[in-house]
Each structure stands twice: as C-alpha cells, then as structure tokens.
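Trainee: Please take me through a protein model, one feature after another, and explain how each feature is read.

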Amino acid sequence: HFDDEADRWIISRYHALVSDATRLIEGYQLGEAGRQIYEFLWGEYCDWYIEMCKTRLRGEDAAAADAARRVLVYVLDGALRLLHPYMPFVTEALWQYLPHEGEALIVAAWPRAGAEDTEASERVTGLMDLVRSIRNARTEYDVDPGRRIAAIIAAGPLAEFLTLQASVLASLARIDQRQLEITEQLPTAPEKALALVTSG
C-alpha cells in the first residue's frame with residue numbers, strides 16, 4: 001500500500017502497461033508493444049515520476065524517501081523485464097545494478113499486471129496538465145527558466161490534492177512555494193496576472 005498519489009499513479013500506469021504490452025506481444029504486435037514500453041519509460045517514468053520523487057528523495061522524511069525508492073526500483077525492474085526482448089544486453093546490464101533475486105534478467109519472470117488506480121491517475125493527470133500549462137506560459141512570455149514565479153490556483157475539487165502536492169508542483173513548474181496559493185475558487189482574478197485554464 002502506498003499513500004503518495006504519485007506512487008499510486010505510476011504503479012497503476014505500469015500495471016496498465018504490463019497488461020497492454022503482454023497482450024500486444026502475444027498477438028505478435030511487437031512494434032506497438034515496444035513503442036508503448038518506450039513511451040512509458042521516457043514519457044511517464046523518467047519525465048514525470050522521477051521528477052515528482054525528487055522533493056521526497058531530498059527531503060527530511062526518511063519513510064517517504066524510502067517509499068519513493070521502492071517504487072522507483074519496482075517499476076524500473078518491471079519495465080526492464082518488458083524491454084528485455086528488444087534490448088537484451090543493455091537491459092541485462094542495467095538490471096544487474098538493481099536489487100534482485102536470481103542471476104540474470106533473461107531467466108527472470110515476466111511481469112504480472114496488477115490493479116489500476118483510476119482516482120490517482122485522474123488526480124496526477126490534473127497536476128501534469130497544470131504544470132504543462134504553466135511551463136507553456138513561461139515559454140510564451142519568455143520567463144527566465146531559473147526564475148520562480150508566484151501563482152494563485154483555483155483548483156476546484158483538486159485543491160486538497162494540490163495542497164498536499166504543493167512542493168512537487170512548485171518544483172515542476174518553477175513556482176516560489178512561499179508565493180503559491182491554492183484555493184477551490186477564486187471570486188475575482190488579481191490585477192496584472194496571466195489567467196490560464198487547464199483541462200484538469
């Protein structure tokens with residue numbers, strides 16, 4: 001059981017990948033299976049999950065950092081097993097650096113699909129949409145990449161979740177956490193502020 005929403009999200013996405021990749025490989029749709037594994041590893045695991053973990057890994061809560069490390073290893077281990085038929089030498093070399101049972105990845109068990117968490121997926125997708133919108137606005141308005149900005153977020157039903165994830169949101173979107181306000185509704189927009197609407 002994992003309490004952090006990001007952990008629940010990446011495990012859910014990994015379980016969905018195992019199910020899809022297994023079905024595709026069994027149906028000899030090897031190219032599509034490989035594409036999905038690649039996109040999961042780079043797009044969700046590396047681009048998003050690892051970045052979401054950094055605040056916990058650098059923080060003072062040892063239990064939270066340990067939980068993040070366990071999920072990082074669990075998902076990477078499984079993804080390497082899925083990728084092994086495509087890149088046997090590279091995946092074998094990488095797998096040897098992970099905590100593992102058995103001598104070689106080539107004889108390791110194929111991953112099993114598990115439960116998917118729709119609620120966590122929806123919440124984290126909302127967070128990702130918000131971060132993308134802020135990043136796009138920063139680029140459009142030529143904001144220095146190193147500059148941390150102020151933000152007021154009217155998050156509706158996501159307000160409680162985003163408040164819990166404030167440090168992650170601040171890190172991913174380069175927001176000054178001291179100037180981050182998260183509320184359910186915002187009656188009036190502040191003057192001289194850029195207003196963004198996201199699909200989340």
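The dialogue below goes from the overall fold to single residues.

Mentor: This is a predicted model, in which local features need pLDDT of at least 70 and side-chain atom pairs count only at pLDDT 80 or more, whereas totals for chains, interfaces and linings use all residues. Residues are numbered from 1 along each chain as its sequence is written, and side-chain values use heavy atoms, with hydrogens and water left out.

Trainee: How many helices and strands does the protein have, and in what order do the elements run?

Mentor: Helices (H or I, at least four residues) and strands (E, at least two) are DSSP runs, numbered from the N terminus. The protein has 7 helices and 2 strands, and from the N terminus on the elements run α-α-α-α-α-β-α-α-β. Taken along the principal axes, the box filled by the C-alpha atoms is roughly 60 × 40 × 30 Å.

Trainee: What share of the residues in the protein is buried?

Mentor: Buried means under 20% relative accessible area, exposed over 50%, and partly exposed in between, with a 1.4 Å probe and protein chains only. Of the 200 residues in the protein, 42% are buried. Contacts, meaning heavy atoms within 4.5 Å, add to this picture: among those between residues at least 6 apart in sequence, 69% join residues at least 24 apart.

Trainee: Which residues does Ala21 touch, leaving aside those up to four places away in sequence?

Mentor: Ala21, which lies in helix α1, touches Ala33, Ile37 and Leu82 when residues up to four places away in sequence are not counted. Ala21 counts as buried because its relative accessibility is 0%. The C-alpha atom of Ala21 is also separated by 9.9 Å from that of Ala113, although the two residues are 92 apart along the chain. Asp77 can be read in the same manner: this residue lies in helix α3 (residues 62-83), is buried with a relative accessible area of 13%, and touches Trp95 and Leu98, again not counting residues up to four places away in sequence.

Trainee: How many aromatic pairs does a search of the whole structure find?

Mentor: A pair of aromatic rings is described by the distance of the centres and the angle of the planes. Rings of Phe, Tyr and Trp (its six-membered ring) pair if their centres lie within 6.5 Å, and planes under 30 degrees apart count as stacked, over 60 as edge-to-face and the rest as tilted. The search of the whole structure finds 2 aromatic pairs. In the pair of Tyr14 and Tyr74, the ring centres are 5.4 Å apart and the planes stand at 80°, so this pair is edge-to-face. Because Tyr14 lies in helix α1 (residues 5-26) and Tyr74 in helix α3, the pair ties together parts that are 60 residues apart in sequence. Tyr14 is buried, with a relative accessible area of 3%, whereas Tyr74, at 36% relative accessibility, counts as partly exposed.

Trainee: Why is Cys53 not bonded to the closest cysteine, Cys46?

Mentor: A disulfide is a pair of cysteine sulfur atoms within 2.5 Å. The structure holds 0 disulfides, and Cys46 is in none, with the nearest cysteine sulfur, that of Cys53, 11 Å away. Seen from Cys53, the closest cysteine sulfur is the one in Cys46, and this distance of 11 Å is too far for a bond. Cys53 is buried at a relative accessible area of 0%, while Cys46 counts as partly exposed at 23%.

Trainee: Which residues other than glycine have a positive phi here, and where are they found?

Mentor: Most residues other than glycine have a negative phi, and most peptide bonds are trans. Asp142 has a positive phi of about 55° although it is not a glycine; its place is in the loop between α5 (118-140) and β1 (149-154), and Asp142 is exposed, with a relative accessible area of 70%. Arg174, likewise not a glycine, has a positive phi of about 60° and is found in the loop between α7 (166-173) and β2 (175-183). At 29% relative accessibility, Arg174 counts as partly exposed.
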